[in-house]
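Q: Please take a close look at a single part of this structure. I should like one connected account of that part and its neighbours.

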Amino acid sequence: MAAIAREEKPMFDVVVIGGGINGTGVARDCALRGLRVALFEKNDLAFGASGNNSGMIHGGVRYLTDHPEVTEQSCRDSGYIQAIAPNLLFRIPFLFPIPNDSRKAAVMLAAVDAFFSFYDRYQPLKHGKPHTRLTPSEVRTLEPGLTTDLAGAITFDEWGTDGHRLCVLNAIDAREHGAKIHVHTEVEALLREEQSDGTRGRVHGVVTRDTLTGKRETTTAKIVINATGAWAPITAALGGESATKVRPGKGIHVCYDRRVSNYAVVSHAIDGRQIFVMPWGNLSWIGTTDDDYFGDLDDMRATTDEVRYLVSGVARVLPSIRDARIIGTTVGARPTLYAYGPTEDELSREHEIVDHGTKDGVAGLYSMIGGKLASFRIFAEEMTDVVAKELGVKSPCTTHTAALPGGDVIVPPRPIAEKFGVPELAVRRLVYRHGSRADAVLGRTSKSRDERAVVCACEPVLECEVRHACREEGARTLEDVARRTRLGLGACGAMRCAHRGAQLVAEENGYPPREAHLLAARFLVERYESRAMAIDGAQAQQEELLAARFGAGGLGFEGLRVREGGRKE
Amino acid sequence: MSGADVLVIGAGVAGLAAALAARDGGASVLVLDAHAGASALAGGAWDVATDVNASPEDVFRPARSLEQALIAKSREDTAHPYAKLGMNVVDAVRAAHERVLPALAIYRPIDLRGTGLLLATDLGLPRRAATAQHAVLALDSARGGAIAVAVLRGYRYTDSAFLAASLADVADIADDDRRFGALELEFFRRREDALLHPHEIAAIADGEEGRARLVQTLTRAVAGAQHDAVLLPPVLGLRSDDIAAELLAKVGVPVGEVIAPLAGPQGLRLVRRIDAALRESGCTRRSARVRAILPRPAGTTVVLDDGEELRAKAVVLATGKHTSGGLVTRGGEIREPLADLPVWVDGRVLALASSSGGRDTAVLFGNNPFIGGPAFRAGIAFDERFRALDRSARPRAPDLLVCGALLTGHDPARDGTGFGCAATTGWLAGRHASA
């Protein structure tokens with residue numbers, strides 16, 4: 001390993017490891033306060049839990065009984081996120097049906113009603129609407145698919161988001177404030193200073209390897225922040241002995257080909273856990289599980305029994321869910337704080353900062369442990385406060401007032417659609433993801449009119465956005481594009497867009513045509529792996545059609561190369 | 001009664017082959033068909049025993065003839081329907097195709113001693129097939145030649161510039177001496193043409209004015225330049241059986257399409273020709289949805305959706321596999337929905353209700369779409385007379401036959417025997433049905 005002379009000035013103030021919401025959030029905060037930042041992510045932005053959660057900036061209603069101050073803070077931060085990224089948040093009206101299955105049903109309804117009255121006090125902080133209590137006939141009118149034997153229902157209000165975009169926008173803003181963002185770049189080692197007595201001193205940088213090209217580089221910094229979620233203990237151990245622990249909780253969601261309900265509906269699984277079905281974009285999701293995970297974090301998949309656990313739980317209140325078509329699953333590992341003994345649901349969703357200098361004798365290294373999507377901003381602020389103090393930086397935190405890219409003003413989609421001559425639905429999605437910058441993404445089409453083409457018809461996604469994701473947002477594979485644009489994540493399983501999308505990625509990244517075939521084949525395999533455990537009904541027909549389409553198209557050889565090359569090189 | 005001797009359920013390639021063979025055997029035939037199936041979604045290629053995973057080198061320079069590939073397939077893939085034909089596989093395939101392909105009219109005949117045709121797909125990849133529609137360009141004759149890949153400005157469904165670059169790249173990898181280059185064509189003179197779907201664009205070439213425009217565009221484009229062939233998107237009409245011959249005569253160089261699967265002009269041509277071939281052979285075709293097929297002592301009875309019951313001397317099931325609805329997956333179990341026939345995979349009946357919630361579908365369908373799992377090979381088992389088998393491997397009924405993609409051991413999406421297996425097993429089943 002290259003010896004770095006100690007007097008040499010470090011290249012950066014801060015190196016952040018991990019491109020999830022905590023990593024991108026802290027990189028943004030540090031960059032906004034004028035620090036020089038480099039971020040390294042071994043897969044892609046939002047690859048792990050940040051892109052595979054329920055997509056909600058919720059108000060922490062579950063803490064209301066025991067820790068109302070946590071609820072208050074969650075609601076306040078939810079309001080901040082709404083203020084800085086108004087395009088990225090959408091209202092999710094929730095329905096909490098109370099089954100009429102015992103004499104206690106009326107009492108239960110009253111209790112839930114009272115509980116949400118308490119929650120209403122905090123709703124103004126996040127511009128939420130107060131709850132309402134519905135009669136059985138009102139429930140039937142609003143949500144005809146629900147089981148009929150209900151004592152009533154409560155409505156309440158939460159905010160949904162796209163976790164991938166939230167990470168990407170944080171990363172872009174960090175970059176626009178001078179940060180260097182490296183995806184597909186794995187940190188292989190933490191550099192420690194050599195002390196005169198031969199022992200190892202401060203962490204002062206990282207050795208990285210580009211996982212696509214194999215290129216290794218050394219980057220020095222004054223402080224290294226480990227924001228790798230469930231991987232945090234593994235990353236911390238690169239610096240030497242570490243006592244840092246998390247208790248990874250596997251959570252899956254099941255994704256349907258359409259919106260199956262008007263409201264998000266709360267239900268209970270066979271073990272009494274609360275689960276839900278939720279409309280999201282063109283699709284519906286049901287979620288989620290929470291199970292201790294002891295497997296390989298780099299190779300997680302949902303299983304058939306997890307899918308059936310959720311489906312059977314939702315079917316209790318929405319029976320037709322059994323006939324709806326599943327098109328995929330998501331899976332992630334919650335980076336839950338370690339505790340031995342409690343059940344998964346009892347574990348704290350709090351976050352904490354570990355100073356490895358005081359804890360393990362590894363100065364210069366901090367780990368961000370735990371946390372949740374809805375509280376990423378405050379967690380990043382707390383971490384940056386520690387860094388700023390150590391580096392003597394006085395500038396205040398502005399992440400609660402400074403808009404994320406495109407979040408400065410709300411733009412109506414129709415005039416943009418008319419101006420550029422593209423379908424309004426596609427523009428709505430573009431505006432959702434890019435806010436006021438949608439115009440700039442479409443601006444490409446005035447030079448190249450063909451870029452108005454709809455590449456992915458399911459979502460839909462325009463060619464100009466795919467190119468933009470490669471040029472401006474660092475996408476290097478088709479999966480990267482999917483995370484940034486949702487290309488290929490809809491009902492057809494990427495049958496129609498995988499290859500065209502791969503051609504665009506190859507062209508934008510300067511890969512030869514043969515690489516486009518491999519990119520497409522990899523993406524098709526990856527998408528298939530996300531739904532293989534849940535193929536049923538009409539999806540089985542779609543699978544045969546998809547395989548025939550690519551077999552007839554000559555992609556078989558490349559498809560098998562993907563298998564032989566392994567999923568992750 | 002139906003008034004027909006043989007009832008064929010399904011009007012894809014297998015159903016057509018069964019109907020033609022039964023007619024040849026002197027039977028009257030009624031074909032029932034409810035909706036388009038997988039045949040209607042096919043591209044212009046026709047496989048008999050194609051290695052769909054072949055490397056570019058093998059695609060450009062195949063190591064064996066179709067006959068050798070066919071024999072190898074029937075020996076190595078012992079669960080495949082070809083294996084059940086034993087040593088007669090080559091004769092059966094030849095005889096079936098000599099009957100079915102001329103009836104379809106839009107395909108070139110198959111030479112089993114040869115290596116099939118070298119084709120280009122809409123993904124910019126080379127692919128081999130036993131034969132292809134006349135409208136599809138075969139690259140075989142262009143050895144050492146320059147192939148112009150036509151870029152139709154405004155055509156949104158295939159990026160021809162990528163196609164040309166990819167084919168050139170793959171030929172280079174395979175050390176093949178064919179050269180591929182992009183050629184700009186101004187076929188879309190009218191602005192609104194660019195908004196049309198592929199089948200609508202293809203239909204332009206069916207009209208006299210559109211055909212003249214196409215010939216003129218192509219003639220102008222190849223004039224003065226050295227092109228040995230012109231490769232086009234699937235735009236060469238829907239109604240002509242052999243437009244390529246006409247274009248060759250008028251333009252002077254071979255002109256043809258890429259393989260373009262998925263509900264495009266090539267599938268529509270096949271649907272049109274299946275319908276015509278059934279009519280020309282004297283079969284009756286009726287659009288009707290079958291609710292159930294009941295093997296009864298008096299003879300297998302076909303119950304239609306409206307309750308009408310039909311009987312005949314034999315019933316041939318040619319309902320395809322998953323895409324066509326011949327098999328239905330529900331609650332983690334795979335069933336044959338019409339006659340409730342047991343579903344077989346790898347020589348065994350697929351037991352139902354393996355757990356309280358059904359099977360692990362990742363085990364059934366596999367973890368890789370290019371390899372697939374047992375579900376894609378699952379199907380109905382059959383005896384030497386193509387009668388569907390029950391759980392104890394005995395014929396379910398003396399007059400209930402099966403063929404095509406519905407057969408166990410055959411993965412129509414992946415094993416490279418799609419239409420060849422459909423035509424051969426359909427033709428054999430039709431012969432037995434009318435015997």
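A: In chain B, strand β1 and strand β2 (residues 29-33) run parallel and are joined by four bridges. This is a predicted model, in which local features need pLDDT (the predictor's confidence in each residue, from 0 to 100) of at least 70, side-chain atom pairs count only at pLDDT 80 or more, and totals for chains, interfaces and linings use all residues. Residues are numbered from 1 along each chain as its sequence is written, chains are lettered from A and ligands numbered from 1 in the order in which they are written, and side-chain values use heavy atoms, with hydrogens and water left out.

Strands (E, at least two residues) and helices (H or I, at least four) are DSSP runs, numbered from the N terminus. Two strands pair if DSSP finds at least two bridges between them. Within the pairing of β1(B) with β2(B), Leu7(B) has Leu30(B) as its bridge partner.

β1(B) also pairs with strand β15 (residues 314-317) of chain B, again in the parallel sense and over four bridges. Here Val8(B) is partnered by Val316(B) of β15(B).

The two faces of β1(B), which spans residues 6-9, are both covered. Val6(B) and Val8(B) on one side, and Leu7(B) and Ile9(B) on the other, are all buried, that is, under 20% relative accessible area, where exposed is over 50% and partly exposed lies in between (1.4 Å probe, protein chains only).

Finally, β1(B) and β2(B) form a right-handed β-α-β unit with helix α1 (residues 13-24) of chain B. Right-handed means that, with the strands pointing away from the viewer, the path from the first strand over the helix to the second runs clockwise.
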